[in-house]
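Hello,

Here is the structure I promised to pass on. Please open it alongside this email, and then read on for my notes.

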Amino acid sequence: RGRLMKRLVYTLVGAGGGAAVCYPEQAREGGEMVYQEGRKNVMVAYNFIAGVEAGPTPTMPSLADISTMATNMDMSLVAATMRRVLYTVASKLRDVYQLGQQQVAVLMDQTNNKDDNVADDVVADDAVAAPKIAVATTNLEVQGDKLV
């Protein structure tokens, strides 16, 4: 019981807390607006229940108000956040690339060791040694002259 209410409250608190950490000025302005609008709505509800003639009725914010809120946003915050995110993603990609290089080096060493054993047998039979050619394939096996 009350599961939906708990989920709603916890989600709102978590999202509000995250927004407040990332954008403290905008969160403060948003908190003030929510407080004022909530206070007005509580007073209207109280006056309705008490039967008292209500004062001004609450109104929805206009499109102009919403657009001015969006244009008042400090773009340096957005740029700084994007820079931090891109830097983190780039560092993780660099780590993944280095791990991939290490794995390829290990695989190449393993295949070269197998090829060296075969090449030593061939060189012992023939007097002329052929140059070693490394071929990287993706999960393909060679049987005779065909790839399987």
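Below is what turned up, taken helix by helix.

Before anything else, please keep in mind that this is a predicted model.

Let's begin with helix α1, which covers residues 3-22 and includes Leu12. Leu12 has a relative accessibility of 57%, so it counts as exposed, the cut-off for that class being over 50%. Leu12 also belongs to a nonpolar patch on the surface, where its partners are Met5, Leu8, Val9, Tyr10 and Val13. Together these side chains make up about 650 Å².

Next comes helix α2, running over residues 24-50. How far apart are its end C-alpha atoms, and what span should one expect? They are 38 Å apart, and because 27 residues at 1.5 Å a residue should span 39 Å, the two values agree.

Helix α2 also holds a salt bridge, between Glu37 and Lys40. Their closest N and O atoms are 3.5 Å apart, which is within the 4 Å limit used for calling a salt bridge. The count for the model is one salt bridge. Glu37 and Lys40 are three residues apart, or about one turn of the helix.

Are these two partners buried or exposed? Neither label fits: Glu37 is partly exposed because its relative accessibility is 29%, and Lys40, at 40%, is partly exposed as well. That class lies between the 20% and 50% cut-offs.

One last stop is Gly51, which follows just after α2 and has a positive phi of about 85°.

Happy browsing, and best wishes!

Technical notes: Residues numbered from 1 in each chain as written. Predicted model: local features only at pLDDT ≥ 70, side-chain atom pairs only at ≥ 80, totals over all residues. Heavy atoms only, no water. Patch = residues over 30% accessible without salt bridge, like charges linked within 9 Å, V, L, I, M, F, W, Y side chains within 5 Å. Areas by Shrake-Rupley, 256 points an atom, 1.4 Å probe, with all protein chains shown as cover. Helix = DSSP H or I, 4+ residues; strand = E, 2+ residues; numbered from the N terminus. Buried < 20%, exposed > 50% of the residue type's maximum accessible area, 1.4 Å probe, protein only. Expected span 1.5 Å × (residues − 1).
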